[in-house]
Amino acid sequence: MSRKGLPANQLAAAGARKFVRALLTERATAPPATAGPGAAAISAELIHDAVLLTSELVTNAVMYAGTDIDVTCRLEHDGPAAAENDGERRPAKVGVVVEVSDRHPARGVRGGVDARTGEPGFGLQLVSALAESWGVTYRHAVKTVWFRLEATEGEPLRARAAPAAPRRESRGPEPPVRLGHPVTPRGRPHGFAAEWADRGGPSFLAETSELLAGQLDQDMVTALAAQLLVPRLADWCAIWLTTEGGGVQLSRVWHVDERRITPLRAELERDPPSDIIRTAGNPWPWPECAGAAPSGGSALSFPLVARDTDQGMLLLGRAGHLQMTDTVVRMVEDVARRVAQAVFTARQYTRQTTISLALQRRQLPATLASIPGVDTAIVYEPHGEGQTVGGDFYDVFPMGDRRWCFLLGDVQGKDPEAMSVTGLARHLVRLLAREGHGVESVLGRLNLAMAEESAEAVELGGEQATSRFLSLLYGELEVDTGVPGARCTVASAGHPPPLHMFVDGAVEPASDPQMLLGIDEGTEFHASSFALAPGETLLCVTDGVTERRCGNWQLDDNDGLIEVMRDGMGLGAKALAEHVRRAAHDFGTGPVEDDLSVLVLQAVTPAGGRRG
């Protein structure tokens, strides 16, 4: 017996299928000495049925229970397969038992013959048709749905029972009906020459779930869905999606004859649905561009509904006057539900991503201020996947006609809370600078604000609250008209000190190390002033550069960053910033594990102008 635990998400069914298929295939292909009794009876057909039923029951559990799932698979046999009886070898027999357990025993099992009139589900109908026996076991905290398949070596599986399709009288083709006047499949008049065949196969729903799982782009969802449905269930397919304004937009059109896709899309866009009717199988007028002249064909619409919200509409068309059987209707309904849920998930992801990116964009300046006689360059790489802003932040902004302020900071942590502090600190520095505070005063007041915020967080959150510390390099540049170079005043609070490279290649720290901001509200900070002569460069980095690791070594060990800066002598501001970034990446063999920021300020030589 083997057991596998699965989380209740869209990947659960795929994981369960892989688990059961691998287990049975391993037993079926094992050498006779190790395969065990009954292995010879495990056929490809038995494996296929076991995987299919497991997929349906796991999907059912994910949809209706919503808890973690346990899948158990075991083999039962009557005895040694090689036993002799009157000199003849007895065929091997095997029983495959699969149990799917969830943690929601109070929630009843959905499905059955009348599933279309209630909750959706093909699972128990398939179990009833394919399994030798099945049932539901309720325990105090666990509900288990199980099935048993039996097979005998050399014999096909037992015949599958399928409900007979109802007879229909021919009274002429059904007139087209617009979406605004729905006619349910069960109630419309009969008069179709043939039935709408199901060419999807027993694993179609499982394939649909597996293909759509994890798709986070709604256009990709509709593209995959259309190519799944055509030509297996329809000759052509169109998918409309609802818009924020309450209308619908044609997202995807697909046709077995790709030459008809463009004209069919144009024709459908001219006459979009006026409303989404939550009734499956509504007749739709046959578009001329869909082909099948002169007799035309049958087109039916299905709503795309997830979480009781309209996501759009699915339209299927097939040549000829066909009647869609109840079995195919239920199949398409299940596909539509899966497509609607995938679209809903993709839209939720897109919405959250859009909000996140909009908030992140406000944390950093859109551009760097241009300083006369000084070239500036920034390299900024946030560590978090999918983030445009991390714990590092920077800014260069003007303060009157001849003064410019610059800063490079790093907030403790890499989570969204750290990102929120970056925006707060940057805007507060701008506000303090514009009120006339100098470098030392700005750091002192920002330190007081950070310390007070940390104290409030601890008071409100208790021991679980996390204090936020901040390292900041902040300075001012004063430029005199007609005088090359600039006067620089800078201070470093818990930050790697800036490096000043002279025209002869000498490099030295431009400030002294001081306390982090937010630890002691009474800390006093001191700034250093110096001339940034033409051709000289000021390099500012965060600890993502200096603490880049290679084994037990860091990049800045033994003045490593100074050597990197010297190697870039003669480069312009942008080229030097890129040189430092590349050196940090190349120093270690693994990925960079922190935000990485580089700010370069370079005084331009009067004769050479800007370099870069």
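Which residue in β5 does Asp-70 stand opposite? Asp-70 stands opposite Ser-101, and that pairing is a handy way into this predicted model. The protein has 13 helices and 26 strands, and 47% of its 612 residues are buried. Here is a friendly tour, starting with confidence and ending with a few individual residues.

**Confidence and overall numbers**

- The average pLDDT of the protein is 82, and 82% of the residues score at least 70.
- Residues 112–121 have a pLDDT below 50, and this stretch has 23 contacts in the model beyond near neighbours in sequence.
- Residues 159–193 also stay under 50 in pLDDT, with 63 contacts in the model beyond four places in sequence.
- Where pLDDT is low, the predicted coordinates should not be read in detail.
- About 29,400 Å² of surface is accessible on the protein, and carbon and sulfur atoms account for 51% of that area.
- Of the contacts between residues at least 6 apart in sequence, 69% join residues at least 24 apart.

**Strands β1, β2 and β5**

- Strand β2 (residues 69–76) is joined to strand β1 (residues 2–6) by five bridges, and the two run antiparallel.
- Within that pairing, Ser-2 has Cys-73 of β2 as its bridge partner.
- Strand β2 also pairs with strand β5 (residues 93–102), again in the antiparallel sense, over seven bridges.
- The opening pair belongs here, with Asp-70 opposite Ser-101 in β5.

**Strands β9, β12 and β13**

- Strand β13 spans residues 309–319, and eight of its 11 residues are buried.
- Strand β12 (residues 297–306) runs antiparallel to β13, with 10 bridges joining them.
- One position to look at in this pairing is Phe-302, which stands opposite Leu-314 in β13.
- β12 and β13 form a hairpin with two residues between them, and Arg-307 in the turn has a positive phi of about 55°.
- Strand β9 (residues 236–242) also pairs with β13, in the antiparallel sense and over six bridges.
- Here Trp-240 stands opposite Met-313 in β13.
- In a regular strand the side chains alternate between the two faces of the sheet.

**Aromatic pairs**

- The structure holds three aromatic pairs.
- One of them joins Trp-240 and Trp-284 in a tilted arrangement, 5.8 Å centre to centre with 45° between the planes.
- This pair links distant parts of the chain, since Trp-240 sits in strand β9 and Trp-284 in strand β11 (residues 282–284), 44 residues apart.
- Both Trp-240 and Trp-284 are buried.

**The largest nonpolar core**

- The largest nonpolar core has 47 residues, and those touching the most other members are Phe-406, Leu-472, Tyr-474 and Leu-538.
- Strand β17 (residues 403–411) gives this core its largest share, six residues.
- Beyond four places in sequence, Leu-538 touches a set of residues including Phe-406, Cys-488, Pro-498, Phe-530, Leu-599 and Leu-601.

**Three residues up close**

- Ile-42 lies in the loop between α2 (32–35) and α3 (44–64).
- Ile-42 has a relative accessible area of 8%, so it counts as buried, the limit being under 20%.
- Leaving out residues up to four places away in sequence, Ile-42 touches Leu-24, Arg-27, Ala-28, Ile-47, Leu-75 and Val-94.
- Thr-29 is 13 residues from Ile-42 in sequence, with 9.1 Å between their C-alpha atoms.
- Ala-531 is placed in strand β22 (residues 528–532).
- Ala-531 counts as partly exposed because its relative accessibility is 41%, a value between the 20% and 50% limits.
- The C-alpha atoms of Ala-531 and Arg-487 are 4.7 Å apart, although 44 residues separate them along the chain.
- Apart from residues up to four places away in sequence, Ala-531 touches Ala-486, Arg-487, His-500 and Glu-536.
- Thr-546 belongs to helix α11 (residues 543–546), and its relative accessibility of 7% makes it buried.
- Outside its neighbours within four places in sequence, Thr-546 is in contact with Pro-496, Val-541, Gln-554, Leu-555, Asp-556 and Leu-561.

Conventions
Residues numbered from 1 in each chain as written. Predicted model: local features only at pLDDT ≥ 70, side-chain atom pairs only at ≥ 80, totals over all residues. Heavy atoms only, no water. Helix = DSSP H or I, 4+ residues; strand = E, 2+ residues; numbered from the N terminus. Buried < 20%, exposed > 50% of the residue type's maximum accessible area, 1.4 Å probe, protein only. Contact = heavy atoms within 4.5 Å. Areas by Shrake-Rupley, 256 points an atom, 1.4 Å probe, with all protein chains shown as cover. Pairing = 2+ DSSP bridges. pLDDT = per-residue confidence, 0-100. Phe/Tyr/Trp six-rings, centres within 6.5 Å; stacked < 30°, edge-to-face > 60°. Core = buried A, V, L, I, M, F, W, Y, C linked by side-chain atoms within 4.5 Å.
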